[in-house]
Amino acid sequence: MQNKINAILEESKAKLDEIKSLKDLDDLRVKVLGKKGDLTAILKNMKDLAPEEKKEVGMLVNKAKQDVEEMISSKLAEVKAKALEEKLKAEKLDVTEPGTKHQLGAKHPLTVVTEEITKVFTSMGFSIVEGPEIETVFHNFDALNAGPNHPARDMTDTFYVNDQVLLRTQTSPVQVRTLLSQEPPIRVISPGRVFRCDTPDATHSPVFHQIEGLVVDEGITMADLKGVMDSFAKKLFGEETRTKFRPHHFPFTEPSAEMDVSCFKCGGKGCRVCKGSGWIEILGCGMVHPNVLKVGDVDTEKYTGFAFGLGVERVAMLKYGIDDIRLNYENDIRYIRQFKK
Ligand code: DAH
C-alpha cells in the first residue's frame, strides 16, 4: 500500500514539473484529490483492511494528500506569477515614444468670409435667420415679384424638383419667409447655399453661397440703405474704403442698385484685381418693392424697407486673390489651410 501511495506521489511530482497552465494544474488536482481521485480511491477501499492497517494507511494517505495540496498550491503561485509576467510583457508601453500626430483642419475660406460678414451685421443689431435650400416656386419667384415670364425662371437657370418646387436660386426667398413670420421692425441677414444650372468653370459653380439682408421699419429710406452698406464695406474692407451705387434692376426692389467698393488692393488707382477701373462690384440692393411687403401683409403706408444680397465666393475670391471658384469645393486641405486665421 505504501508503495502505491509513493507511486502516486512520484507521479504527481513528475506531472507538476511539466505543468504550465492553470487548467492542467486543476486537472491534476481532480485526478489525485478529487472525489474519484487516486488517493480518494485508496481511502474508499480501506474497509477491507485490518483495523491496525486502517490506521496506518489512513495516516499515510492523509499525509500524501497534504503533500500534494502543498505542491499544487506552490505551483499555483508559480503559474500565476508567470502568467502575470507574460501579460505585463505583452502590454508593455513605451511612454517615451513620440505620439501619433493628428492633423488639425482649418476653417474653409467661405466659412471665414461668412463669419466676418455676419459679425459685421450682428454688431449692427441684425439677427441671423435661415431658410430651406429646397424652396417653392412661390417663395423663390412669385412672392419676390418675379413675374411668370422672368428670365431667371428658365429651366436653363433653375433646378426644378417639379413645377412647384425648386432648389433656391438665391437667398432672397428668406426675405419672404421672414416677412410672413415676423412683424416689423425687422433686421435680419441670412447666409446660405444657392443653386443654379450652370456648367462649372473658373467663375461658375452650380452650388454657391449668398448672404441676404432685409430691414423693414417705419421711415426707412435709401439714405439708411446707403449708410448701412457703406459702414459694412468699411468694416469688411477697411476704413479707407469708398462706395458708390449704380442704378440696376431687381424685380423685388424699387429702386434697385449695385454697390461698388473702391479697390482694396490698389486703393482705386487701378490694378489687376479691379481690372484697371479702381472699383469692384460687391452686392445688389434696393428698397423693398411694395408688392413684396404686401405678401407679408405689411402696411406699406406705414413701413418701408431695404434689402441686399451678396455672393460669398465672390468676396472670398477677391479678398484672397483666388482665381478659380472650383478650388472651394475640392476639399484639398493644403488649399483650406492657407486661410487659417
Ligand atoms: N438675389 C439677387 C441675386 O441672386 C441678389 C440681390 C439683389 C438680393 C438685390 C437682394 C437685393 O436682396 O436687394 O442676384
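These legends go with a few close-up views of a predicted model.

**View 1. Who sits around the ligand.** Start with the neighbourhood: 15 residues surround the ligand. The closest are Gln170, Ser172, Arg196, Gln210 and Glu212. Sorted by class, the shell is made up of 5 nonpolar, 8 polar and 2 charged residues. Three strands each give at least two residues to this shell: S5 (207-218), S8 (279-288) and S9 (303-311).

**View 2. Polar contacts with the ligand.** Zoom in on serine 172, where an N or O atom of the side chain sits 3.0 Å from a nitrogen atom of the ligand. Glutamine 210 also uses its side chain, putting a polar atom 2.9 Å from a ligand oxygen. With alanine 307, look at the backbone instead: one of its polar backbone atoms is 3.2 Å from an oxygen atom of the ligand. How much of the ligand does the protein bury? On its own the ligand would expose 350 Å², and the protein buries 89% of that.

**View 3. Strand S4 and its partners.** Now follow strand S4, which covers residues 186-195. Most of this strand is tucked away, with 8 of its 10 residues buried. Strand S1 (residues 127-128) runs parallel to S4, and 2 bridges join the pair. Strand S5 pairs with S4 too, but here the strands run antiparallel and 10 bridges join them. S5 may ring a bell, as it also supplies at least two residues of the shell around the ligand.

**View 4. Isoleucine 189, a link in the pairing.** Pick out isoleucine 189 in S4, the bridge partner of isoleucine 128. Isoleucine 189 has a bridge partner in S5 as well, namely glycine 213. So which way do the strands run on either side of S4, parallel or antiparallel? S1 and S4 are parallel, while S4 and S5 are antiparallel.

**View 5. Threonine 40 in helix H3.** Away from the strands, this view settles on threonine 40, part of helix H3 (residues 38-44). Is this threonine 40 buried or exposed? Threonine 40 counts as buried because its relative accessibility is 14%, under the 20% limit. Its side chain reaches the backbone oxygen of glycine 34 at 2.5 Å. A polar atom of that same threonine 40 side chain also lies 3.4 Å from the backbone oxygen of leucine 33. Leaving aside residues up to four places away in sequence, threonine 40 touches Val32, Leu33, Gly34 and Lys35.

Note on methods
Residues numbered from 1 in each chain as written. Predicted model: local features only at pLDDT ≥ 70, side-chain atom pairs only at ≥ 80, totals over all residues. Heavy atoms only, no water. Near = heavy atom within 4 Å. Polar contact = N/O pair within 3.5 Å; in protein donor to acceptor, adjacent residues only side chain to side chain. Areas by Shrake-Rupley, 256 points an atom, 1.4 Å probe, with all protein chains shown as cover. Helix = DSSP H or I, 4+ residues; strand = E, 2+ residues; numbered from the N terminus. Nonpolar A, V, L, I, M, F, W, Y, C, P; charged D, E, K, R; others polar. Buried < 20%, exposed > 50% of the residue type's maximum accessible area, 1.4 Å probe, protein only. Pairing = 2+ DSSP bridges. Contact = heavy atoms within 4.5 Å.
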